[in-house]
Structures are given as structure tokens and as C-alpha cells.
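Me: Could you walk me through this one? I'd like to go over rings, cores, pockets and backbone oddities.

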Amino acid sequence: LSYQINNQMVWKSNIGLAWRAPSANELYSDGIHHGTGTYEIGNKDLKSEKGLKWVNSLLFDYNIVNVNLDVFSQVIQDYIYSQPNPDSTRQTIRGTFPLFEYTQANAFFYGLDLNSKVNISDNWKYELGAAIVRAKNTSTNEFLPYIPSDRYRQAIRYEFTLAKSTNAYAKVEQVFHDKQKRYTTGTDFTSPPPAYQLFNIAVGTNIMTKNNRKIGI
């Protein structure tokens, strides 16, 4: 469903169904996951995931301001995930490893994604964004593991005007990751890490060749 509210604002709504069968490793794993240094145990009784997702989007574009806001909710029956078992470890000839077991539960997800841009001038742009996810195991009324914490970002971007290139820019970005406060004590091997932030610098451009082909750098 798409509805034009006015000349500057559009609202879109989408409801979708999805199914996912368990993968081979979720069903039959029984060994060390060398990429994570954990011991994983599959569950051959896992059923297919069944999900219903509703996404509402608001697009606003007026003069110097552009905003894209997505708000979503999703109900998943038999959601599959690897459950940490902090009370158990598995000893092998390679050493002792933390134990994770695949399981499933009914789950409810909701959150939002925000991307916005302000054209301060012809060359200067300001960007602001956020990504927020909430998730609950509705079978036990506990928080699910592996859910990312809230993330916020802002950036200042300068776009150059060069004779032989297009979309040349330099950007400085700050990304803030909040501490995950939605955590059930004792359900993982350690508590969530503290909040942190990253600073990124990026430059790029597109160069047009003699035969009018665009090369991105």
C-alpha cells in the first residue's frame, strides 16, 4: 500500500509472510565452530520458521531535508537460534570450548530504521541515522540473545566540484553503539560490553572515461 499524503510526504505499508527451513548445521552440528571457537550442537527436531512482518515507511522530501523512516514489527513462530549454555562446556582433544545448542521459540521483533540528510549548501551535507531493534522470546518472556544494541550515526559530507569526475566527496562519520540493556542475566557467558563509538573517514569519486563509462573509486 502506498499513499501520497502531500507533495513532500509518502506513506508506504507492506505486510509479508515468510518461511525458512532449518539449515543442515542447525539440524546436525556436533563439533567445534572454528570461526567462533565454540562447540555447537544441532537439533534434528527443529521445525521451519514461520514469520509475519509488517513494515510502515514514511518518506519526506522537502527543500533541503530528506527523511526515510521505517518502523517494523514481526512475529516469528519457531524462531531458530543458537542458545548459549553458560553452565556447560565441552572438552575435546583441542581443548575446552563454550557450549551452544540450537533451539527455537516463538519471538516478537520490532524497531525502526532512520536515515536522513540535510543539504546545508550545494557542497555541504549533514547525515543522521538510527537503527533500533527490540526482540523478546514470547515463550518464556525473556530477551533473545544476539540482538544488536541501539546504534546512532551522524556524518558531515563535503561534495567537490571537479572537471573530470562526478560525485567526488569526503565524509567524516561518528557511529555510537549503546550498551545492550535488554539482556537476561545468566543466559550468556558474559554480560554485554559497555557502549562505544567509532569515527570513520571516507573519500570517493566517480571518474568518467573517454567512452563515457563511469568508474567508482
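Reply: Sure, ground rule for charges on rings: one sits over a ring if NZ of Lys or CZ of Arg is within 6 Å of the ring centre and within 35 degrees of the ring normal. This is a predicted model, where local features need pLDDT of at least 70, side-chain atom pairs count only at pLDDT 80 or more, and totals for chains, interfaces and linings use all residues. Residues are numbered from 1 along each chain as its sequence is written, and side-chain values use heavy atoms, with hydrogens and water left out.

Me: Which residue lies over the face of Tyr-169?

Reply: Lys-53 lies over the face of Phe-72, at 5.3 Å from the ring centre. For Tyr-169, the distance to the ring centre is 3.9 Å, and the residue is Arg-157.

Me: How many degrees lie between the planes of Phe-60 and Tyr-62?

Reply: Rings of Phe, Tyr and Trp (its six-membered ring) pair if their centres lie within 6.5 Å; planes under 30 degrees apart count as stacked, over 60 as edge-to-face and the rest as tilted. The structure holds seven aromatic pairs. Phe-60 and Tyr-62 make one that is tilted, 6.3 Å centre to centre, with an angle between the planes of 45 degrees.

Me: Is Asn-63 buried or exposed?

Reply: Asn-63 has a positive phi of about 55 degrees without being a glycine, and is found in the loop between strand S5 (49–62) and S6 (strands are DSSP runs of E, at least two residues, numbered from the N terminus). Buried means under 20% relative accessible area, exposed over 50%, partly exposed in between, with a 1.4 Å probe and protein chains only. At a relative accessible area of 61%, Asn-63 is exposed.

Me: Which elements give two or more residues to the largest nonpolar core?

Reply: Such a core is a set of buried Ala, Val, Leu, Ile, Met, Phe, Trp, Tyr and Cys residues joined through side-chain atoms within 4.5 Å. The largest has nine residues, including Tyr-79, Phe-109 and Ile-147. The elements giving two or more are strand S6 (65–92) and strand S7 (95–119).

Me: What does Ile-147 touch, not counting residues up to four places away in sequence?

Reply: Ile-147 belongs to that largest core. Contact means heavy atoms within 4.5 Å. With residues up to four places away in sequence left out, Ile-147 touches Phe-109, Val-133, Ala-135 and Gln-180.

Methods:
Helices (H or I, at least four residues) and strands (E, at least two) are DSSP runs, numbered from the N terminus.
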